[in-house]
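Me: I am new to this structure and would like a close look at a single part of it. Please keep the sentences short and build the picture step by step.

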Amino acid sequence: MKKVMKTVDGNTAAAHVAYAMSDVANIYPITPSSPIGEIADEWAAKGRKNIFGQKLLVRQLQSEAGAAATVHGSLA
């Protein structure tokens with residue numbers, strides 16, 4: 001397979017690693033300063049799989065309390 005080099009920003013690079021190693025992404029978009037959550041959401045919507053062969057489960061929350069509870073529930 002031919003190697004393809006691609007230049008990306010730090011947010012996209014971090015999203016690649018986080019997506020590959022995660023089962024669940026709980027997104028709380030408080031500011032648009034970091035697009036990592038949106039990148040993961042887009043990849044999941046397109047059916048991209050992580051290194052374990054699973055599609056990432058992405059949940060978008062509307063409050064800090066909801067985000068905290070979802071993270072706690074995901075870990076349980």
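In which loop is phenylalanine 52 found? Please start there and work outwards.

Reply: A word on the source comes first: this is a predicted model. Phenylalanine 52 is found in the loop between helix 2, residues 36-45, and strand 2, residues 57-60. That loop is our starting point.

Begin with the surface. Phe52 belongs to a nonpolar patch there. Its partners in the patch are Val17, Met21 and Ile51. Together the four residues have about 450 Å² of accessible area.

Now look at another residue of the loop. Asparagine 50 also lies between helix 2 and strand 2. Asparagine 50 is buried, because its relative accessible area is 6%, and the cut-off for buried is under 20%. What does asparagine 50 touch, if neighbours within four places in sequence are left aside? The list is Tyr19, Ala20, Ser22 and Asp23. One of these residues also offers a polar partner. The backbone oxygen of serine 22 lies 2.7 Å from a polar atom of the asparagine 50 side chain.

Follow the contact to Tyr19 next. Tyrosine 19 is buried, with a relative accessible area of 2%. The structure holds one aromatic pair. Tyrosine 19 and tryptophan 43 form that pair. Their ring centres are 5.5 Å apart, and the planes meet at 85°. The arrangement is edge-to-face, because that angle is 85° and the cut-off is over 60 degrees. Tyrosine 19 lies in helix 1, residues 10-21, and tryptophan 43 lies in helix 2, so the pair ties together parts that are 24 residues apart in sequence. Tryptophan 43 is buried too, at a relative accessible area of 13%.

Helix 1 has another residue to look at. Alanine 18 is found in helix 1. Alanine 18 is partly exposed, with a relative accessible area of 37%. From alanine 18 to leucine 75 the separation is 57 residues in sequence. In space, their C-alpha atoms are 16 Å apart.

Next comes the salt bridge. A search of the whole structure finds one. The side chains of lysine 46 and glutamate 42 form it, with 3.1 Å from N to O. How accessible are the two partners? Lysine 46 counts as exposed, at 64% relative accessibility. Glutamate 42 is partly exposed, at 42%.

Now move to helix 3. Helix 3 covers residues 64-75, and threonine 70 is found in it. Threonine 70 is buried, with a relative accessible area of 15%. Not counting residues up to four places away in sequence, threonine 70 touches Asn26, Arg59 and Leu61. Another distance helps to place threonine 70. Its C-alpha atom is 9.6 Å from that of isoleucine 27. Along the chain, threonine 70 and isoleucine 27 are 43 residues apart.

Step back to the whole protein. The protein has three helices and two strands. Along the sequence they follow the pattern α-β-α-β-α. The loop we began with therefore sits between the second α and the second β of that pattern, because it runs from helix 2 to strand 2. The C-alpha trace spans about 45 × 30 × 20 Å along its principal axes. There are 76 residues in the protein, and buried residues make up 20% of them. Tyrosine 19 is one of the buried residues, and so is asparagine 50.

The contacts can be described by sequence separation. Take those between residues at least 6 apart in sequence: 70% of them join residues at least 24 apart. The accessible surface comes to about 5,700 Å². Carbon and sulfur atoms account for 59% of that surface.

Return to the loop to finish. Phe52 is part of the nonpolar surface patch, whereas asparagine 50 is buried. Asparagine 50 is in contact with Tyr19, and tyrosine 19 forms the aromatic pair with tryptophan 43.

Key:
Residues are numbered from 1 along each chain as its sequence is written. This is a predicted model: local features need pLDDT of at least 70, side-chain atom pairs count only at pLDDT 80 or more; totals for chains, interfaces and linings use all residues. Side-chain values use heavy atoms; hydrogens and water are left out. Patches are made of residues with over 30% relative accessible area and no salt bridge: like charges are joined within 9 Å, nonpolar side chains (Val, Leu, Ile, Met, Phe, Trp, Tyr) within 5 Å. Accessible areas come from the Shrake-Rupley method with a 1.4 Å probe; for residues, only the protein chains shown count as cover. Helices (H or I, at least four residues) and strands (E, at least two) are DSSP runs, numbered from the N terminus. Buried means under 20% relative accessible area, exposed over 50%, partly exposed in between (1.4 Å probe, protein chains only). A polar contact is a pair of N or O atoms within 3.5 Å; within protein, one must be able to donate a hydrogen and the other to accept it, and residues adjacent in sequence count only if both atoms are side-chain atoms. Contact means heavy atoms within 4.5 Å. Rings of Phe, Tyr and Trp (its six-membered ring) pair if their centres lie within 6.5 Å; planes under 30 degrees apart count as stacked, over 60 as edge-to-face and the rest as tilted.
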